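Student: I would like a close look at one part of this structure, with its surroundings on the surface taken up afterwards. Please keep to what the model shows.

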Amino acid sequence: MTIAAEASSMLNPVELFLRADYVVKAVMVGLAVASVWSWAVIISKALGFASLNSQANAFEQAVGSGRSLEEIAAQAGPAPAHPLPRMLVIALSDWREARTRGLTSEAQANLLMSRIDRALDSLIAREGQRVENGLGVLSVVATSSPFIGLFGTVWGIMNAFGAIASAGNTNLTTVAPAISEALFATAIGLFAAIPAYIAYNKFSIDAGKFTGRLESFADDLQAAVARRLGSAPAADTRREV
């Protein structure tokens, strides 16, 4: 094999994989699987956040259009999938139930506000966990892949030095192929880790922003219910809003 052909084979990923030690091959395969897994999570989370934010924008535009909350809740249905209209349905359901039973005292009004607050907080906590699903995979891939790749590199270099000692030849053409196979494991580790690290940080920020969006809407809902409580006369407590 000529020097040029040898150099070309050292840059061929397939050749590097086929010539590698079985342990190094196992490391490479594991890292490749981790990379595919992380990319599946990245694509899924990107599409999921895009859909959530698009629906949230449309819902907030409807709320800000001047239409009544009851009309918007009726349009969303009894069990909407998106958390924002679901929060509205929960708050209005508790409000109607309390009005039907009669709000004859300030203590009952405070109890209603406390019940709505707990229900919305519970929903926000569940949604916060749901939007963070999959981020653990990205975190594990981002933090562990470089070290797994480094393990493959160290193992490959140890085998390379053993082969060099057996051959008794330290010529570059003898050393380079074995070292390049070992270093290829580190390259795969970085290839898996870098996108996972970037995506993990981005989606963590997106999840925090979405949770904050839910909390802001919960505050707005509670303020709206408080205004209704303040404007509802005692003699009209059983009238539907």
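Which helix gives the most to the negative patch, and with how many residues?

Tutor: This is a predicted model. Helix α8, residues 172-231, gives the most to the negative patch, with 3 residues. The patch lies on the surface and gathers D121, E215, D219 and D220. Of these, D219 has its place in helix α8.

A second surface patch is nonpolar. W39, I43, L47 and F191 make this patch, which covers about 460 Å². Here helix α3, residues 22-63, gives the most, again with 3 residues. W39 is found in helix α3. The relative accessibility of W39 is 39%, so W39 counts as partly exposed; the class lies between the buried limit of under 20% and the exposed limit of over 50%.

Helix α4 can be read by its two sides. Within α4, residues 69-76, the buried residues are L69, E70, I72 and A73. Their directions, seen down the axis of α4, fall within an arc of 165°, so these buried residues line one face of the helix. The general background is that an α-helix has 3.6 residues a turn, so residues three or four places apart point the same way. On the other side of α4, A74 and Q75 are exposed. After α4 comes G77, which has a positive phi, near 95°.

Conventions. Residues numbered from 1 in each chain as written. Predicted model: local features only at pLDDT ≥ 70, side-chain atom pairs only at ≥ 80, totals over all residues. Heavy atoms only, no water. Buried < 20%, exposed > 50% of the residue type's maximum accessible area, 1.4 Å probe, protein only. Helix = DSSP H or I, 4+ residues; strand = E, 2+ residues; numbered from the N terminus. Arc of directions from axis to C-beta. Patch = residues over 30% accessible without salt bridge, like charges linked within 9 Å, V, L, I, M, F, W, Y side chains within 5 Å. Areas by Shrake-Rupley, 256 points an atom, 1.4 Å probe, with all protein chains shown as cover. Salt bridge = Lys/Arg side-chain N within 4 Å of Asp/Glu carboxyl O. Lys, Arg positive; Asp, Glu negative; His and termini not counted. Charge placed at Lys NZ, Arg CZ, Asp CG, Glu CD.
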